[in-house]
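Please look over the sequence and the model below before reading on. The paragraphs that follow begin with one helix and then widen to its surroundings.

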Amino acid sequence: MKNASEDPAMIAELLMLFRMILADGEVKPQELATLRRICRDEFDVEEAAFPALMDFVDRMGTGASELQSVKVFRGFDRPRRIALARRLLSIAQADEQLHRHEARFMVRMLDILDLEPADLAGAGN
């Protein structure tokens, strides 16, 4: 696992993924399981390290402004921005519903990431 404290881009990504879980006002087990899978498979986070990582991301997110996150995300290459958007969508769809607040958050993130809905083709699995 990368050391999250040394990777502001990873912190920003994980923070946005966690915020998607909270977008509809409740943490659903399916969404949390999807985030755990993403952390394990795509960020090489061991299951035992997940709770500590989420605590760290939560603490870091308290002081992070949206402008700081936008700056980080705009520095990502296009494939990485698309990957983040697809991860966000997979979390939003984990409970097989796309709630109004999740949809709004997704639209806002697509704008921040300078992407279109068509860029999400193949997402959600």
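In this predicted model, helix H1 is a good place to begin: H1 has 15 residues and reaches 21 Å from its first C-alpha to its last, which is close to the 21 Å expected at 1.5 Å a residue. Of the 15 residues of H1, 12 are buried, so the helix is largely enclosed by the rest of the structure. Those buried residues are Ala 9, Met 10, Ile 11, Ala 12, Glu 13, Leu 14, Leu 15, Met 16, Leu 17, Phe 18, Met 20 and Ile 21.

One of the elements that H1 meets is helix H5, and the axes of the two helices come within 8 Å and cross at roughly 25°. Because angles under 35 degrees count as roughly parallel, H1 is described as roughly parallel to H5. The crossing of these two helices is right-handed, and on the H1 side the contact includes Met 16, Leu 17 and Met 20, while H5 contributes residues including Leu 84, Leu 88 and Ile 91.

From here the view can be widened to the interior. The largest nonpolar core has 37 residues, and those with the most contacts inside it are Leu 17, Leu 35, Phe 73 and Leu 88. Helices H1 (8-22), H2 (29-43), H3 (50-63), H4 (66-74), H5 (78-92) and H6 (100-112) each supply at least two residues of this core, and the largest share, 10 residues, comes from H1.

Leu 88 is worth following further: apart from its neighbours within four places in sequence, Leu 88 is in contact with Met 16, Leu 17 and Met 20, and also with Phe 105, Met 106 and Met 109.

Technical notes. Residues numbered from 1 in each chain as written. Predicted model: local features only at pLDDT ≥ 70, side-chain atom pairs only at ≥ 80, totals over all residues. Heavy atoms only, no water. Core = buried A, V, L, I, M, F, W, Y, C linked by side-chain atoms within 4.5 Å. Buried < 20%, exposed > 50% of the residue type's maximum accessible area, 1.4 Å probe, protein only. Helix = DSSP H or I, 4+ residues; strand = E, 2+ residues; numbered from the N terminus. Contact = heavy atoms within 4.5 Å. Expected span 1.5 Å × (residues − 1). Axes fitted to C-alpha atoms, helices over the stretch in contact; angles between N-to-C directions. Parallel < 35°, antiparallel > 145°, perpendicular 65-115°, else oblique. Left-handed = near helix turned anticlockwise from the far one by under 90°.
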